[in-house]
Amino acid sequence: MPDLLIELFSEEIPARMQAKAADDLQRLVTNALVDAGLPYEGAKAFATPRRLALTVHGLPARQPDRREERKGPRVGAPEQALAGFLKAAGLSSMEEARIQQDPKGDFYIAVTEKPGRTTQEVVADMMPGIIRAFPWPKSMRSGTSELRWVRPLQSILCLFGSLHEDPEIVRFEIDGIASGDTTYGHRFLAPGAIQVRRFEDYVAKLDISKVVLDPERRKDMILTDAKALAFAAGLELVEDAALLDEVAGLVEWPVVLMGSFDEDFLKVPDEVIRTTIRVNQKCFVLRDPKTGELANRFLLVSNIEAKDGGAAIVAGNQRVVRARLSDARFFWATDRKVKLEERAKKLDSITFHEKLGTQGQRVERIARLARELAPLVGADPAEAETAAKLAKADLVTETVGEFPELQGLVGRYLLSLERYPMAVAKASEDHYKPQGPGDRVPREPVSIAVALADKIDTLVGFWTIDEKPTGSKDPYALRRAALGVIRIVLENNLRVPLARQLTPVFGGADGAADKLADLIAFFADRLKVQLREQGARHDLVDAVFGLGNQDDLVLIARRIDALGKFLDTDDGRNLLAGYRRAANILKAEEKKDGEGTFDKSVNPNFLTEEAEKGLHAAIEKVSADVAVAVEKEDFTAAMKALSRLRVPVDDFFDTVTVNADDVKLRLNRLRLLASLRAATRRIADFSRIEG
Amino acid sequence: MPAPADPLSPTRSFQGLILTLQRFWAEQGCVLLQPYDMEVGAGTFHPGTTLRALGPKPWKAAYVQPSRRPKDGRYGENPNRFQHYYQFQVILKPNPSNLQELYLASLKAIGIDPLLHDIRFVEDDWESPTLGAWGLGWECWCDGMEVSQFTYFQQVAGIECSPVSGELTYGLERLAMYLQGTDNGFDLNFNGRDGDEKVTYGDVFKQAEEEYSRHNFEHADTAMLLQHFRDAEAECTSLLEKGEAGERHLMVMPAYDQCIKASHVFNLLDARGVISVTERQSYILRVRELAKACGAAWLKTAGGGAA
């Protein structure tokens, strides 16, 4: 079976886009092939800084033939209708059509045999569309071309053929770039044109031309060489998967080299050195395996085998690293000269937001709130307040000014050096967390108090001034803040009734009550997203929120969890069916008699049948038990109690006619169903449950 | 390339580097412009780039542009950070398809051998919010140091670029430091001479760095600057109105000067620390509006390709 090989050769593709682009190429091409009736045995895509490549193997040589029947107008239809049919079906005269009998009369049928096209033709047809509409996160035009690509596209290779024959060029053209069988080697080491026959040949020739096509292989080479170089120097590589991904996307021919810097720089905190070297230079750092401390060496990944063995490259990189570390050391030394508490005063002159005052005022608010929240999370109020007052002081340090990503961490170091309690120092780093879904959540009580206070102050502040996220716009990262609160509360199992905690924060602002309600609803939305991502059913989330007045995140989550488990049991499913039957009857009858008509007590004197007496008794008992269980926050017990309604409900519907002729009996039975509905509402709004 | 001992070798003198780049790009057919005679934050502000990038007419130019970034001043105490520095700017419209090769050839011309040094094109999305401009391209690295920016302009003054221009910006001081092997920008040999005849970058600019840092951070009269901003803004708008002549526009360049002026005054005010974070955005938007209006007017001139 023949194979297809495609390469799109361009100027340097951003490292972070390469993996997804390779996946997209594979998906778009293979989907289009399958859609065209061309199944394949396997496919694999690759990316380097300069090329996307795709091999698809085991393709048929052509599409299967297709037979199409098209029903036309009735025999004897007007001329115009017949002409239209001929045109649409691609026939030259009515003689070519068949006549088919139908109960409604005789109709023309056009049968067309469509011979399958060759795979080359199909590929040549589909590629321009795929290339033009390629889903790059950002794309550009260049020169006078209208083609959008991530950076200028330079050449296209597209070959089709089987093992033992000469492959054929699949010919197409996009904005003056004609597909061919040629690619190019390494930009500097082997820039010449390479003629390619098939995938294996392509990989081998690229290899000779100093291009490692497979990003996984480049990563392996870098990691292996880096570890070997580190080992030879008696050191250990500080592994960094994200950096490895990035540097593997910056080189076609990875060559790892070791550089060093003055030991004196090691007085600067490890993270500052690591960040400097990583962010600015995209180099790896090394540590001493015995002490775990950073060594004065770094590893760079170059893209060439240099004529001098890399001496000039190492010297150049060392010089840049030295300059960067000098800056970092200077910043750090400056920062150590002034106590953070003193430095924090600078926050008073920095505007946080026009309508929300200075950073200093913000810190004051956070400190007050952290103190109030402290008892709820098991922190010492005074310590939480101190921690909050210092947590943002490092924003005005030189080091953070240069490396904003070190905010919090620098504060932690400086506070430790100033001999503040560990909990206070740690809160500086941890109160920003979690920054995203993958980030860890603070665990220490003081950090939790400050983290919650910080996020709540931000949310309430922006809610007060009506700067809420809209659509994709969330410039103050308020969704992240709300999600942060949710994760901190849930993952630490904290009992924080949001409404009660937020009310005083809003204070007497205009429309405070409405804004509070709106913010609680925002939390509910975020919680929904969060729970859904963890696999909870969205309808169960809705069912619990449908109860209203739900602001204790831990309880909400537990309730949803218990409800989900209950509905997975037979009892749960059957009770839900019984509930639905009751609810539907009530809905229909409420239409006639008015909403809420039946929400009154059942009169036991009018219960005539055994099954309705039984159901009534069961509801009374179960409601009481559920109430007790809910009070104890034991939702599993509440569900269990509720499950005892299943048999009485089934019996009731089996033997009792709700809409009895006797008006009193009918009313009473509807009230009985309403009491069933009310009993379920102690757990959740069952009407929101789907499936 | 001149011999290394030649005072005008790019590896020996700052001016040798400039001369070599000028010669290289002149050979590619660029007009060698001189620096624009106004204070700008980057070479892109030169009308030879901003305005000429708009419209259909081909254009090739290269020039040195002294660039002022008041906030980057360090009183002459930091060997790497100056409030005034030089950019070497190249614009080619439309960008030739071998622009990367031309750029690499220019590096060879100044003494950077790509088989000895590690040259890399690292993603960098360029954006100038004040000019309403953006483009895609790279930071060009030499042995881990950013030595140039390489951008394919997609939009300038809020207007789609068609054809697209390629813009190259060489950071001359950094490049020279690399070529001369010094870690301190003030130690750069400016004229390539030795002994008594040697003039360093510090000889030429250190005093200026000290003085302007005082000015930028401490003494520039902010009330006056605020007034200058408003005046420049008003004058730009007024000139654009007065230059309207139906299908054509007759006074874009004077109006654009006022846009440049407003931008620089804003940078000074920013350095003086009198602009809050939120105000900052609104100032940027105000300059952008001026730039956009100038860009739109430019398209109604001969230079902008109006018939």
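Chain B of this predicted model is built from eight helices and 10 strands. Its radius of gyration comes out at 20 Å, close to the 19 Å that the globule rule gives for 307 residues, so chain B is as compact as a globular protein of that length. Along the principal axes, the C-alpha atoms of chain B take up a box of roughly 60 × 45 × 35 Å. Buried positions make up 49% of the 307 residues. As for how the chain folds back on itself, consider the contacts in chain B between residues at least 6 apart in sequence: 65% of them link residues at least 24 apart.

Chain B also meets chain A, with 30 residues of chain B in contact with 33 residues of chain A. On the chain B side, β4 (119-128), β5 (133-142), β6 (145-156) and α8 (277-298) each put in at least two residues. The largest share, five residues, belongs to β4(B). Sorted by character, the residues on this side of chain B come to 15 nonpolar, nine polar and six charged.

Turning to chain A, the domain assignment splits it into domain 1 (3-62 + 118-208), domain 2 (66-114), domain 3 (215-337), domain 4 (351-534) and domain 5 (569-688). Domain 1 is thus given as two stretches of sequence, 3-62 and 118-208. Taken over C-alpha atoms, the centres of domain 4 and domain 5 of chain A are 45 Å apart.

One piece of chain A worth a look is an open sheet of three strands, ordered β4-β6-β5 and paired antiparallel. Its edges are β4 (66-74) and β5 (98-102) of chain A; each has a single partner strand, so one side of each goes without a neighbour in the sheet. On average, and ignoring direction, neighbouring strands here are turned by 35 degrees against each other. β5(A) is held to β6 (residues 105-114) of chain A by five bridges, the two strands running antiparallel. In one of these pairings, A:Asp102 has A:Gly105 of β6(A) as its bridge partner. Helix α2 (residues 79-89) of chain A packs on this sheet and touches β4 and β6 of chain A, with its direction at about 170 degrees to that of β4(A).

Another open sheet in chain A has four strands, in the order β13-β15-β16-β14, again with antiparallel pairing. Here the edge strands are β13 (236-237) and β14 (255-260) of chain A, each pairing on one side only. Six bridges tie β14(A) to β16 (residues 294-302) of chain A, and these two strands run antiparallel. A:Val255 finds its bridge partner in β16(A), namely A:Ser302. This sheet has a helix packed on it as well: α8 (residues 311-337) of chain A touches β14 and β16 of chain A, and its direction makes about 50 degrees with that of β14(A).

Finally, a single residue: A:Ala557 sits in helix α20 (residues 553-567) of chain A. A:Ala557 counts as buried because 21 other C-beta atoms lie within 10 Å, and the cut-off for burial is 20 or more. Setting aside neighbours within four places in sequence, A:Ala557 is in contact with A:Leu490 and A:Leu531. A:Met17, by comparison, is 540 residues from A:Ala557 in sequence and 37 Å from it in space, C-alpha to C-alpha.

Conventions: Residues are numbered from 1 along each chain as its sequence is written. Chains are lettered from A and ligands numbered from 1 in the order in which they are written. This is a predicted model: local features need pLDDT of at least 70, side-chain atom pairs count only at pLDDT 80 or more; totals for chains, interfaces and linings use all residues. Two residues are in contact if their C-beta atoms, placed from the backbone, lie within 7 Å. Ala, Val, Leu, Ile, Met, Phe, Trp, Tyr, Cys and Pro count as nonpolar, Asp, Glu, Lys and Arg as charged, and the others, Gly among them, as polar. Domain bounds come from an automatic or database domain assignment. Two strands pair if DSSP finds at least two bridges between them. Axes are lines fitted to C-alpha atoms, for helices over the stretch in contact, and angles run from 0 to 180 degrees between N-to-C directions. The radius of gyration is taken over C-alpha atoms; the globule rule is 2.2 Å times the number of residues to the power 0.38. A residue is buried if 20 or more other C-beta atoms lie within 10 Å of its own, exposed if 12 or fewer, and partly exposed in between; C-beta atoms are placed from the backbone.
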